[in-house]
Amino acid sequence: GCTGTFCNVGWSEVLSNMSPYGWASFGIAFALGFSVVGAAWGIWTTGSSLVGAAVGAALVLFAMLVGVKFSLICHLMGGQVLA
(Lines give C-alpha, C1' and ligand atoms only; values in the text may rest on other atoms or scores of the structure.)
Protein backbone atom coordinates (compact mmCIF):
# COMPACT_ATOMS: atom_id res chain seq x y z
CA GLY A 1 0.00 0.00 0.00
CA CYS A 2 0.88 3.66 0.17
CA THR A 3 3.29 4.85 2.84
CA GLY A 4 2.92 8.63 2.34
CA THR A 5 0.38 10.92 3.99
CA PHE A 6 -1.30 11.48 0.65
CA CYS A 7 -1.15 8.36 -1.48
CA ASN A 8 1.48 8.41 -4.28
CA VAL A 9 3.61 11.26 -2.96
CA GLY A 10 6.72 10.54 -5.06
CA TRP A 11 7.52 8.88 -8.37
CA SER A 12 9.07 5.87 -6.64
CA GLU A 13 5.80 5.26 -4.82
CA VAL A 14 3.80 5.70 -8.03
CA LEU A 15 5.97 3.23 -9.93
CA SER A 16 6.17 0.67 -7.13
CA ASN A 17 2.38 0.63 -6.60
CA MET A 18 1.38 0.55 -10.27
CA SER A 19 -0.78 -2.37 -11.34
CA PRO A 20 0.33 -4.78 -14.07
CA TYR A 21 -2.44 -3.41 -16.27
CA GLY A 22 -1.00 0.08 -15.81
CA TRP A 23 2.45 -1.18 -16.88
CA ALA A 24 0.88 -2.88 -19.91
CA SER A 25 -0.92 0.33 -20.88
CA PHE A 26 2.31 2.27 -20.40
CA GLY A 27 4.16 -0.16 -22.70
CA ILE A 28 1.44 -0.03 -25.35
CA ALA A 29 1.49 3.77 -25.29
CA PHE A 30 5.27 3.83 -25.73
CA ALA A 31 5.12 1.26 -28.56
CA LEU A 32 2.48 3.28 -30.41
CA GLY A 33 4.42 6.49 -29.86
CA PHE A 34 7.66 5.03 -31.20
CA SER A 35 5.87 3.51 -34.20
CA VAL A 36 4.36 6.90 -35.09
CA VAL A 37 7.75 8.59 -34.78
CA GLY A 38 9.38 5.87 -36.91
CA ALA A 39 6.71 6.13 -39.58
CA ALA A 40 7.04 9.91 -39.69
CA TRP A 41 10.82 9.64 -40.02
CA GLY A 42 10.48 7.08 -42.83
CA ILE A 43 7.97 9.24 -44.70
CA TRP A 44 10.26 12.26 -44.30
CA THR A 45 13.33 10.49 -45.69
CA THR A 46 11.40 8.83 -48.52
CA GLY A 47 9.63 12.06 -49.44
CA SER A 48 12.83 14.08 -49.53
CA SER A 49 14.54 11.51 -51.76
CA LEU A 50 11.51 11.41 -54.08
CA VAL A 51 11.52 15.20 -54.36
CA GLY A 52 15.24 15.13 -55.16
CA ALA A 53 14.68 12.45 -57.80
CA ALA A 54 11.80 14.44 -59.32
CA VAL A 55 13.98 17.55 -59.62
CA GLY A 56 16.74 15.51 -61.24
CA ALA A 57 14.27 13.84 -63.61
CA ALA A 58 12.86 17.24 -64.57
CA LEU A 59 16.34 18.49 -65.45
CA VAL A 60 17.04 15.39 -67.55
CA LEU A 61 13.66 15.75 -69.28
CA PHE A 62 14.36 19.42 -70.02
CA ALA A 63 17.78 18.55 -71.49
CA MET A 64 16.21 15.85 -73.65
CA LEU A 65 13.57 18.28 -74.92
CA VAL A 66 16.23 20.84 -75.83
CA GLY A 67 18.12 18.16 -77.78
CA VAL A 68 14.96 17.06 -79.60
CA LYS A 69 14.06 20.65 -80.50
CA PHE A 70 17.58 21.32 -81.78
CA SER A 71 17.54 18.21 -83.96
CA LEU A 72 14.11 19.18 -85.29
CA ILE A 73 15.38 22.65 -86.20
CA CYS A 74 18.41 21.14 -87.96
CA HIS A 75 16.14 18.77 -89.88
CA LEU A 76 13.77 21.53 -90.95
CA MET A 77 16.65 23.65 -92.21
CA GLY A 78 17.78 20.87 -94.52
CA GLY A 79 20.52 19.46 -92.36
CA GLN A 80 22.64 22.62 -92.54
CA VAL A 81 24.70 23.29 -89.46
CA LEU A 82 24.60 26.84 -88.20
CA ALA A 83 28.10 28.28 -87.96
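Entry 1. I started with one pair in helix 2: Phe 26 and Phe 30 are four residues apart there, so about one helical turn separates them. I take helices (H or I, at least four residues) and strands (E, at least two) as DSSP runs, numbered from the N terminus. The model is a predicted one: local features need pLDDT of at least 70, side-chain atom pairs count only at pLDDT 80 or more, and totals for chains, interfaces and linings use all residues. Residues are numbered from 1 along each chain as its sequence is written, and side-chain values use heavy atoms, with hydrogens and water left out.

Entry 2. I looked up accessibility next, with buried meaning under 20% relative accessible area, exposed over 50%, and partly exposed in between (1.4 Å probe, protein chains only). Phe 26 has a relative accessible area of 42%, so I list Phe 26 as partly exposed. The ring centres of Phe 26 and Phe 30 lie 4.9 Å apart and the planes stand at 75°, so this pair is edge-to-face. For that I use the rings of Phe, Tyr and Trp (its six-membered ring), which pair if their centres lie within 6.5 Å; planes under 30 degrees apart count as stacked, over 60 as edge-to-face and the rest as tilted. Phe 30 is also partly exposed, at 43%.

Entry 3. How many aromatic pairs does a search of the whole structure find? I get three. In one of them, Trp 23 and Phe 26 have ring centres 6.1 Å apart and planes at 85°, so the pair is edge-to-face. Both residues lie in helix 2 (residues 20–76), three residues apart, about one turn of the helix. Trp 23, at 39% relative accessibility, counts as partly exposed. Ring pairs join Trp 23, Phe 26, Phe 30 and Phe 34 into a cluster.

Entry 4. I then checked the surface. Trp 11, Leu 15, Trp 23, Phe 26, Phe 30 and Phe 34 make a nonpolar patch of about 730 Å². Patch residues have over 30% relative accessible area and no salt bridge; like charges are joined within 9 Å, nonpolar side chains (Val, Leu, Ile, Met, Phe, Trp, Tyr) within 5 Å. A salt bridge is a side-chain nitrogen of Lys or Arg within 4 Å of a carboxyl oxygen of Asp or Glu. Helix 1 (11–16) and helix 2 each supply at least two residues of the patch, and helix 2 gives the most, with four.

Entry 5. I closed with the whole protein, which has two helices and zero strands. Of its 83 residues, 1% count as buried. About 7100 Å² is exposed, with carbon and sulfur atoms supplying 78% of it; areas come from the Shrake-Rupley method with a 1.4 Å probe, and for residues only the protein chains shown count as cover.
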